[in-house]
Amino acid sequence: MLILKVFQPFITEFLNKLSGNSAAHHAVLGEHLDALRFLIAEGIDLELQNGEGNTALHLACQKESREMILALLVGGADPTKKNNENQKPGEKNGKIYSFVAQIAAENKAFKALGPEQKQKLQQIYNEIAGPAKHINLDMTKMFNMHVNEVDEEEAERDAKDFITSCAICNEERV
């Protein structure tokens, strides 16, 4: 991780010069949610714009990837930053734009809470999330087996990864 911190500015500059996209852009375009979360945790600049003026959040909205949008917003991406076409992230898609606005409002409201209120929300989340994990695991596993036509072991592994991703997003938000 220390190596990434040292070389991140050089890597980002190289990728930007090569394609106009930063490492965060590439993570979104390649649908690498874990890589994106890692980059966010390491403090990557989420406001870098490519040649079209798009941030990673613009691209996540274009791909309609709610998990990536959530990760970016929780990580501090600016939902009001405009691209070269003078458009905010998700502005071309009403449902996605509403989702971005909702998450941005929730983040703003959460930041305004005091420590006791945040602790109470975390307690409520933990009470809700505990029983739901078992139901979601079974449902997600069945979905993967039928839709993606994978064996039970792979479906369970994918389901656990998906639920972990959701839990990480929710725990960061609450």
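Hi everyone, this is a short tour of one protein chain, from its overall make-up to helix 5 and then two loop residues. Please keep in mind that the model is predicted.

Let's start with the whole chain. There are eight helices and zero strands, so the order of elements from the N terminus is α-α-α-α-α-α-α-α under the DSSP assignment of helices and strands. Of the 174 residues in the protein chain, 35% are buried. The chain exposes about 10700 Å², with carbon and sulfur atoms supplying 56% of that area. If you take contacts between residues at least 6 apart in sequence, 59% of them join residues at least 24 apart.

Now to the inside. Which residues touch the most other members of the largest nonpolar core? That core has 26 residues, and the ones you want are Val28, Leu36, Leu46, Leu57, Ile69 and Leu72. Two or more residues come from each of helix 2 (23–29), helix 3, helix 4 (56–62), helix 5 and helix 6 (94–112). Helix 5 gives the most, with six residues.

That brings us to helix 5 itself, residues 66–74. Its buried residues are Met68, Ile69, Leu70, Ala71, Leu72 and Leu73. Let me pick out the two leucines at the end of that run.

Leucine 72 is one of the core residues I just named. Setting aside its neighbours within four places in sequence, leucine 72 is in contact with Val28, Leu36, Ile40, Leu46, Ala56, Leu57, Ala60 and Ala77.

Leucine 73 is also in helix 5. Is leucine 73 buried or exposed? Its relative accessibility is 6%, so leucine 73 counts as buried. With the same neighbours left out, its contacts are Leu57, Pro79, Val100, Ile103, Ala104 and Asn107. Asparagine 107 sits 34 residues away from leucine 73 in sequence, yet the two C-alpha atoms are 8.1 Å apart. Leu57 appears in the contacts of leucine 72 and in those of leucine 73.

Next, how helix 5 meets helix 3. The axes of helix 3, residues 33–41, and helix 5 come within 10 Å and cross at roughly 5°. Why do I call the pair roughly parallel? Because angles under 35 degrees count that way, helix 3 is roughly parallel to helix 5. On the helix 3 side, the contact is made by Leu33, Leu36, Arg37 and Ile40, and on the helix 5 side by Glu67, Met68, Ala71 and Leu72. By type, that is six nonpolar residues, no polar and two charged.

For those of you who like backbone torsions, here are three to look up. Glycine 76 follows helix 5 and has a positive phi, near 110°. The other two are not glycines. Glutamate 31 has a positive phi near 55°, and it lies in the loop between helix 2 and helix 3. Glutamate 31 counts as exposed because its relative accessibility is 57%. Asparagine 86 has a positive phi of about 65° and lies in the loop between helix 5 and helix 6. Asparagine 86 is exposed as well, with a relative accessible area of 52%.

To wrap up, if you open the model, I'd begin at helix 5, which gives the most residues to the largest nonpolar core. Then follow leucine 72 to contacts such as Leu36 and Ile40, and leucine 73 to others, including Val100 and Ile103. Thanks for listening!

How values were computed. Residues are numbered from 1 along each chain as its sequence is written. This is a predicted model: local features need pLDDT of at least 70, side-chain atom pairs count only at pLDDT 80 or more; totals for chains, interfaces and linings use all residues. Side-chain values use heavy atoms; hydrogens and water are left out. Axes are lines fitted to C-alpha atoms, for helices over the stretch in contact, and angles run from 0 to 180 degrees between N-to-C directions. Helices (H or I, at least four residues) and strands (E, at least two) are DSSP runs, numbered from the N terminus. Angles under 35 degrees count as roughly parallel, over 145 as roughly antiparallel, 65 to 115 as roughly perpendicular and the rest as oblique. Contact means heavy atoms within 4.5 Å. Ala, Val, Leu, Ile, Met, Phe, Trp, Tyr, Cys and Pro count as nonpolar, Asp, Glu, Lys and Arg as charged, and the others, Gly among them, as polar. A nonpolar core is a set of buried Ala, Val, Leu, Ile, Met, Phe, Trp, Tyr and Cys residues joined through side-chain atoms within 4.5 Å. Buried means under 20% relative accessible area, exposed over 50%, partly exposed in between (1.4 Å probe, protein chains only). Accessible areas come from the Shrake-Rupley method with a 1.4 Å probe; for residues, only the protein chains shown count as cover.
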